[in-house]
Amino acid sequence: MNNQTERTLVLIKPDAVQRGLVGDIISRLESRGLKISGLKIIKIERTIAEQHYRIHQNRPFFPKLVDFITSSPVVAIVFQGRNAVEVTRNTMGQTNPSEATPGTIRGDFAIDIGRNLIHGSDSIKTAGEEILIFFTANELLDYEVSTDPWITEP
Ligand code: DAT
Ligand code: MG
């Protein structure tokens with residue numbers, strides 16, 4: 001991985017899996033130019049969810065957030081590419097889907113902050129921490145594809 005490449009954690013949340021939006025969400029991030037480095041479907045354990053969302057542990061919505069993310073399987077993905085953290089966040093749209101711009105994932109498919117379809121790391125530092133919660137090093141691949149120089153100027 002060159003030093004201009006970032007990795008970020010995406011969770012396609014239970015609402016998106018249940019609604020059959022996994023393919024569309026992956027497709028949007030993939031066609032933006034991000035590369036899948038790791039991918040799995042998992043049912044998140046409560047203790048893992050509490051660790052992942054620990055920054056929100058004193059917020060009133062925390063118990064419902066943990067209930068929701070553990071309620072049904074999620075698809076966990078590590079996306080890799082230049083500015084992967086920022087690119088993923090702006091492809092997702094605002095946290096509250098009612099404020100999210102049309103054209104974003106949340107802006108096109110969601111209306112409720114408690115059912116906002118996707119998680120994406122909010123900084124390079126948190127991405128590094130969150131990836132370690134869900135993936136081991138040997139589950140993450142760094143590989144070249146022939147389109148790399150057509151997506152990112154070397
Ligand atoms: P994001 O998921 O955009 O990074 P966040 O980290 O601020 O947003 O919050 C994590 C999740 O918690 C968010 O996706 C939905 C839920 N959440 C945040 N703020 C909330 C609120 N005011 N009421 C209910 N749920 C909220
Ligand atoms: Mg967040």
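This text walks through a predicted model, from its ligand to its cores and then to a few single residues.

Start at ligand 1. The residues around ligand 1 are K13, Y53, H56, F61, L65, R89, T95, R106, I113 and N116. By type, this shell divides into four nonpolar, three polar and three charged residues. Three side chains deserve a look. H56 places a polar side-chain atom 2.9 Å from an oxygen atom of ligand 1. For R89, the distance from a polar side-chain atom to an oxygen atom of the ligand is 2.7 Å. For N116, the matching value is 2.8 Å. How much of ligand 1 does the protein bury? Taken alone, ligand 1 exposes 520 Å², and the protein buries 75% of that.

Stay with N116. This residue lies in the loop between α6 (105-109) and β4 (118-120). Is N116 buried or exposed? N116 counts as buried, because its relative accessibility is 3% and the limit for buried is under 20%. The side chain of N116 also reaches another residue of the ligand shell. A polar contact of 2.7 Å joins it to the side chain of K13, and K13 is among the residues around ligand 1. Leaving aside neighbours within four places in sequence, N116 is in contact with K13, D15, T95, P97, R106 and A110.

Now move one topic along, to L117. L117 is found in the loop between α6 and β4. Its relative accessible area is 0%, so L117 is buried. Its backbone also stands out on the list: L117 has a positive phi of about 75° although it is not a glycine. Which residues does L117 touch, beyond those within four places in sequence? The contacts are L11, I12, K13, D15, A16, R19, L21, I25, I105, F109 and A110.

That leads to the core. In soluble globular proteins, nonpolar side chains tend to be buried together. Here, the largest nonpolar core has 18 residues. Those with the most contacts inside this core are I12, I25, L117 and I118. Which elements give two or more residues to it? They are β1 (5-12), α2 (22-32), β3 (74-82) and α5 (84-92). There is also a second, separate core of 17 residues. It includes L11, I44, L65 and V66. One of these, L65, is also among the residues around ligand 1.

Look next at α5, one of the elements that supply the largest core. The buried residues of α5 are A84, V85, V87, T88, T91 and M92. What do they pack against? Their partners are β1, α2, β3, α6, β4 and α7 (124-134). Both sides of this helix have a residue to note. Just after α5, G93 takes a positive phi of about 95°. In the loop between β3 and α5 lies N83. N83 is not a glycine, yet its phi is positive, at about 55°. N83 counts as partly exposed, because its relative accessibility is 37% and partly exposed runs between 20% and 50%.

Two more residues show how parts of the chain that lie apart in sequence come together in the fold. Take S72. S72 has its place in the loop between α4 (62-69) and β3. With a relative accessible area of 8%, S72 is buried. K13 and S72 are 59 residues apart along the chain, and their C-alpha atoms are separated by 8.4 Å. Not counting residues up to four places away in sequence, S72 touches P14, Q18 and K43. With Q18 there is a polar contact between side chains, at 2.7 Å.

Then take I42. I42 lies in strand β2 (residues 35-42). Is this residue buried or partly exposed? I42 is partly exposed, because its relative accessible area is 21% and buried means under 20%. Its C-alpha atom is separated by 7.2 Å from that of A76, 34 residues apart along the chain. Leaving aside neighbours within four places in sequence, I42 is in contact with P73, V74, A76 and F134.

Technical notes. Residues numbered from 1 in each chain as written. Chains lettered and ligands numbered in written order. Predicted model: local features only at pLDDT ≥ 70, side-chain atom pairs only at ≥ 80, totals over all residues. Heavy atoms only, no water. Helix = DSSP H or I, 4+ residues; strand = E, 2+ residues; numbered from the N terminus. Buried < 20%, exposed > 50% of the residue type's maximum accessible area, 1.4 Å probe, protein only. Contact = heavy atoms within 4.5 Å. Near = heavy atom within 4 Å. Polar contact = N/O pair within 3.5 Å; in protein donor to acceptor, adjacent residues only side chain to side chain. Areas by Shrake-Rupley, 256 points an atom, 1.4 Å probe, with all protein chains shown as cover. Nonpolar A, V, L, I, M, F, W, Y, C, P; charged D, E, K, R; others polar. Core = buried A, V, L, I, M, F, W, Y, C linked by side-chain atoms within 4.5 Å.
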